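Visitor: Could you walk me through this structure? I'd like to ask things as they come up.

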There are 2 protein chains.
Amino acid sequence: MTRWIAVDWGTTSLRAMLMEGERTIGTRASEDGMGRLTRETFEPSLLNLIGDWLDGPTEIVCCGMVGARQGWAEAAYRTAPCTPLGGELTRVETRDNRLRVSIVPGIRQTSPHPDVMRGEETQIAGILRDDSDFDGVACLPGTHTKWVHVSAGEVVSFRTVMTGELFETVARHTVLRHSLGGDAFDDDAFLGAVSDTLSRPEALSARLFELRAADLLHGQDAAKGRGLLSGLLIGSELAATKPWWLGRDVVVTGAPGISRVYDLALRAQGLTPRLLPADDMTLAGLAAAKDLP
Amino acid sequence: MTRWIAVDWGTTSLRAMLMEGERTIGTRASEDGMGRLTRETFEPSLLNLIGDWLDGPTEIVCCGMVGARQGWAEAAYRTAPCTPLGGELTRVETRDNRLRVSIVPGIRQTSPHPDVMRGEETQIAGILRDDSDFDGVACLPGTHTKWVHVSAGEVVSFRTVMTGELFETVARHTVLRHSLGGDAFDDDAFLGAVSDTLSRPEALSARLFELRAADLLHGQDAAKGRGLLSGLLIGSELAATKPWWLGRDVVVTGAPGISRVYDLALRAQGLTPRLLPADDMTLAGLAAAKDLP
């Protein structure tokens, strides 16, 4: 069975899996994400991580921000509606001729609003590899959550919401940082804030400072503050995306922690989402990409 | 006429006015805001700025975050509803006995939601000094905008919205920073986004990423991006505070740039706010505080 390497290369991390067919025989990761690299440093970063896996010319299939304009090589967007994978992968020139690198193109959308994805198309391909008839919405939570309407094997349309990045940015860089320390998370506070924000989404903007005032005036604990902030932001996201998920079959594909929180919020709205781990879907999608004609 | 010194001491700046009665005869400012000082460094910072103004014991009246728990001396909150000033100012012990320093207390609110102000109570006192019958809403835009319901000479209730800090934080620390450089500002884009967000406040969260996608896909200019971001956030603030301003007499008291933007947004909703400069209102309020019995 031929060995190949699957690479998930995002803005902040690089993760490589050594594969024998569909079987993973090694996994390595580094923090050499696209964000800290220049065009010239992608190849050394990759060799540094997996050079000793190479015993001859090896197929390496990558997805994610590695294909952005500021990445290793620009993999031109395909345009939705379209299948998650298709056409040719973008070949990358390398100095080391053992590396046979290709990159999965991202997908863009021009209407009903401008939007882009890089990496998530591979996860959608992974979801469809397990369930080719999937007809519904894939919620892919992370720094930027994507809501993707999938039908008849295609990405019909999608919507990006910056909830994860907003949470981190507000919790680290605003006055609320004094009231949101630690990692503890109050689920009840979270669900209450999700429900409030779904009922009155216009209140979001005004309610943020309450997290600081409640701490100053009666020492509200940070776990409650974090639950409320997350609930206000995810509640706002669910209000914005209600036409996407209401009455639809929903799959949640993210890292375990953030998937749990989206699952809680969606179940409170009467949905029963299926949780499929993001890493597995990415790998299944990269395997599908490798097999493209 | 006795000389005294009025001091507006916030989180990021210190501004002192040398006064002869109600006449300003000198103004100085430094960046020694409360945020960079410890309890021991307030006195040297003040002396460094205005030491040569002292020719004997001098009354110095301060407002702002200098009275916070992390400030020079904690000036315990008064509780709304209440007059903007009242009771005693908080006296500060100093080593230099020429300094006779006092601090205006802030105001807290426990219901309908927890909230606090420090410094804005002095601006409200300034507004009332010019117009003691004012009955309406004072909008005090800044890092944290305060909406203050004023009636019968009292602060009836108030609401803090973090719009200014959210704008700066999102524009500097998220992926949108790549698409929002410079200072140019597109008023039409701003007003369009205010109107859209007032009509559909639930869309805020989803619309932010469009600013990035529109730049990636068709090079949307940064002035338009900044106008849209500001419009989305101020539109969201106006949606949250609609019960405050709708059908009310509105005064806008802030720095000139940000007051202009709030004025534009409020006029588009059919209001005709009065603009009163924040620095003048602070000074009038400090003069009123000095004259307290």
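Guide: What follows is a short conversation about how the chains, helices and loops are arranged.

Visitor: What kind of model is this, and how are things numbered?

Guide: This is a predicted model, in which local features need pLDDT of at least 70 and side-chain atom pairs count only at pLDDT 80 or more, while totals for chains, interfaces and linings use all residues. Residues are numbered from 1 along each chain as its sequence is written, and chains are lettered from A and ligands numbered from 1 in the order in which they are written.

Visitor: How is chain A laid on chain B?

Guide: A turn of 180° with a shift of 0.0 Å along the axis lays chain A on chain B with an RMSD of 0.0 Å, where the superposition is by least squares on the C-alpha atoms of residues with pLDDT of at least 70 in both copies. The two copies are thus related as by a two-fold rotation axis.

Visitor: And how many residues are in contact between them?

Guide: On chain A there are 36 residues in contact with 36 residues of chain B, contact meaning that the C-beta atoms, placed from the backbone, lie within 7 Å. Of the interface residues of chain A, 100% are also interface residues in chain B, so the copies meet through the same surface.

Visitor: Which elements of chain A give two or more residues to that side?

Guide: They are strand E9 (115–117), strand E12 (154–161), helix H3 (163–173), helix H5 (204–218) and helix H6 (222–240) of chain A, and H5(A) has the largest share with 10 residues. Helices (H or I, at least four residues) and strands (E, at least two) are DSSP runs, numbered from the N terminus.

Visitor: What about the residue classes there?

Guide: The side of chain A that touches chain B has 18 nonpolar, 11 polar and seven charged residues. Ala, Val, Leu, Ile, Met, Phe, Trp, Tyr, Cys and Pro count as nonpolar, Asp, Glu, Lys and Arg as charged, and the others, Gly among them, as polar.

Visitor: Switching to helix packing, how do H3(B) and H6(B) cross?

Guide: The axes of H3 (residues 163–173) and H6 (residues 222–240) of chain B come within 10 Å and cross at roughly 150°, the axes being lines fitted to C-alpha atoms over the stretch in contact, with angles from 0 to 180 degrees between N-to-C directions. That makes H3(B) roughly antiparallel to H6(B); angles under 35 degrees count as roughly parallel, over 145 as roughly antiparallel, 65 to 115 as roughly perpendicular and the rest as oblique.

Visitor: Which residues make that contact?

Guide: From H3(B) they are Thr163(B), Leu166(B), Phe167(B), Val170(B) and Ala171(B), and from H6(B) Leu229(B), Ser230(B), Leu233(B), Ile234(B) and Glu237(B). By class, these are seven nonpolar, two polar and one charged.

Visitor: And H4(A) with H8(A), at what angle do they pack?

Guide: H4 (residues 187–199) and H8 (residues 256–268) of chain A pack at about 50°, with their axes 10 Å apart, and are therefore oblique to each other.

Visitor: Where are the cis peptide bonds you can show me in chain B?

Guide: One joins Ala80(B) and Pro81(B), with omega about 0°, and Pro81(B) is found in the loop between strand E5 (78–79) and strand E6 (90–91). Another joins Ser111(B) and Pro112(B), with omega about 10°, and Pro112(B) is in the loop between strand E8 (107–109) and strand E9 (115–117) of chain B.

How values were computed
Two residues are in contact if their C-beta atoms, placed from the backbone, lie within 7 Å.
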